[in-house]
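Take a walk through this fold, one element at a time. Keep the sequence beside you as you read.

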Amino acid sequence: MAFSPSSCSSATVRPYRPQDEAGVRGLIDADRLPGQQPCAPQQLAAARRGAPALDGWSVPARPRISVLADAADRPLGVVAFLSWADVHSGVICWLYAREDPPTLRALLGHACAELAWCRQIEAFVGAPPGPLGPGGLPRIRRAATHEALIEAGFTGRRQGAYLHCPLSGEPSPAKLVADVFPCDFPPGHRLIVRDGAEPVAEAVVSVGPDRIATVYWIETRRTHRGRGLGRKLLGQALALLAEQGAVEAALVIDDFPPRTTENKAASRLFDSFGFTLVDELWTYLWRHP
């Protein structure tokens with residue numbers, strides 16, 4: 001992997017400082033997708049403590065956050081990365097620079113140089129959609145970041161898709177199929193469908209700031225698929241979100257490989273509720289030669 005110094009005139013890569021907060025949140029929100037929650041101060045604070053993916057979705061290492069600052073010491077871009085010494089592995093968690101290629105290359109080169117001792121480095125590995133990212137790199141909307149990763153020697157693959165839909169606020173289904181429980185991580189609600197005492201389908205949903213909702217998880221046990229449970233469960237979940245004031249919802253569907261029977265069925269289900277594709281989500285890997 002080639003590590004090149006910054007080509008940005010009068011710019012310096014340095015550690016993140018508390019006074020960078022507003023500028024860094026502006027960089028993150030500049031690449032926000034429809035239905036993605038805005039980055040609030042608490043999310044950035046959580047990232048510095050060791051939860052770069054989303055509230056409550058912590059990782060067992062503390063990330064380092066670096067910014068590329070201009071001559072006036074204002075952030076032009078930001079990168080977060082972490083590593084594990086025991087497995088010689090690193091992760092580039094997120095990278096934002098308003099899609100400016102020189103800034104992206106400078107920050108990516110910095111992160112890779114800091115992780116040079118790692119045998120492998122992953123970038124934009126899958127995570128639930130949240131204020132710090134949609135769960136992967138939006139390949140189409142962030143083409144400059146994709147190109148910077150490829151130039152640095154990473155290989156990429158599509159791992160999923162980011163979907164979005166408006167919520168109409170229609171009343172709840174006549175027949176509720178799931179029991180609803182509050183949950184803490186993520187803060188929201190868990191819906192469980194049972195066959196007798198046995199849980200056979202589950203969804204986890206949440207309403208965040210700006211009346212934006214996220215469907216974190218929906219799954220039906222294989223033995224109970226093909227009975228319409230997924231449709232009833234998703235309908236109840238979206239109605240619950242609308243009742244709580246949400247006006248739009250987003251979710252990530254894991255579609256790698258994209259042509260499996262399960263993924264095709266999931267796509268048809270989400271299509272039927274008005275979810276549309278916003279972007280492909282990619283993840284990246286570099287291995288030591």
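Partly exposed means a relative accessible area between the buried limit of under 20% and the exposed limit of over 50%. R225 is partly exposed, because its relative accessible area is 33%. Keep in mind that this is a predicted model.

R225 has a charged partner. It forms a salt bridge with E219, and the closest N and O atoms are 2.5 Å apart. E219 also counts as partly exposed, at 34% relative accessibility. Elsewhere, R14, R17, D20 and D73 are joined into one network by salt bridges that share partners.

Side chains of opposite charge can pair when their charged atoms come close. The count of salt bridges in this model comes to 13. One of them links E114 and R64, with the closest N and O atoms 3.1 Å apart. E114 lies in helix α3 and R64 in strand β2, so this pair ties together parts that are 50 residues apart in sequence. How exposed is each partner? E114 is partly exposed, with a relative accessible area of 35%. R64 is partly exposed too, with a relative accessible area of 34%.

D70 and R74 form another salt bridge, with their closest N and O atoms 3.1 Å apart. Here the two ends sit in different settings. D70 counts as buried, because its relative accessibility is 18% and the limit for buried is under 20%. R74 is exposed, with a relative accessible area of 53%.

Now turn to the helices. Start with α1, residues 21-30. Its buried residues are V24, L27 and I28. Do they scatter around the helix or line one face? Seen down the axis of α1, they fall within an arc of 95 degrees, so they line one face of the helix. What do they pack against? Their partners are α2 (41-49), β2, β3 (75-84) and β4. Recall that β2 is also the strand that holds R64.

Helix α4 spans residues 143-151. Its buried residues are T145, H146, A148 and L149. They cover an arc of only 160 degrees around the axis, so they sit on the same side of α4. Which elements cover them? The cover includes β4 (89-96), α3 (101-114), β5 (120-123), β6 (137-138) and β13 (276-287). Strand β4 therefore appears in the packing of α1 and in the cover of α4. After α4 comes G153, whose phi is positive, near 100 degrees.

Look closer at one residue of that helix. H146 is found in α4. It is buried, because its relative accessible area is 6%. Which residues does H146 touch, leaving aside its neighbours within four places in sequence? The contacts are L137, R139, W282 and Y284.

Two of those contacts meet each other. The charged end of R139 sits over the ring of W282, 5.5 Å from its centre. W282 in turn belongs to an aromatic cluster with F124 and Y284. So H146 contacts two members of this cluster, W282 and Y284.

The count of aromatic pairs comes to four. F124 and Y284 make one of them. It is edge-to-face, with 6.5 Å centre to centre and 75 degrees between the planes. F124 lies in the loop between β5 and β6, whereas Y284 lies in strand β13, so the pair ties together parts that are 160 residues apart in sequence. Both F124 and Y284 are buried.

F270 and F275 form another edge-to-face pair. Their rings are 5.8 Å apart centre to centre, with 70 degrees between the planes. F270 is buried, and F275 is buried as well.

Last, the cysteines. How many disulfides does the structure hold? The number is zero. C39 is buried, with a relative accessible area of 3%. C165 is buried as well, with a relative accessible area of 1%.

Technical notes. Residues are numbered from 1 along each chain as its sequence is written. This is a predicted model: local features need pLDDT of at least 70, side-chain atom pairs count only at pLDDT 80 or more; totals for chains, interfaces and linings use all residues. Side-chain values use heavy atoms; hydrogens and water are left out. Buried means under 20% relative accessible area, exposed over 50%, partly exposed in between (1.4 Å probe, protein chains only). Helices (H or I, at least four residues) and strands (E, at least two) are DSSP runs, numbered from the N terminus. The arc is that of the directions from the helix axis to the C-beta atoms. Contact means heavy atoms within 4.5 Å. Rings of Phe, Tyr and Trp (its six-membered ring) pair if their centres lie within 6.5 Å; planes under 30 degrees apart count as stacked, over 60 as edge-to-face and the rest as tilted. A charge sits over a ring if NZ of Lys or CZ of Arg is within 6 Å of the ring centre and within 35 degrees of the ring normal. A salt bridge is a side-chain nitrogen of Lys or Arg within 4 Å of a carboxyl oxygen of Asp or Glu. A disulfide is a pair of cysteine sulfur atoms within 2.5 Å.
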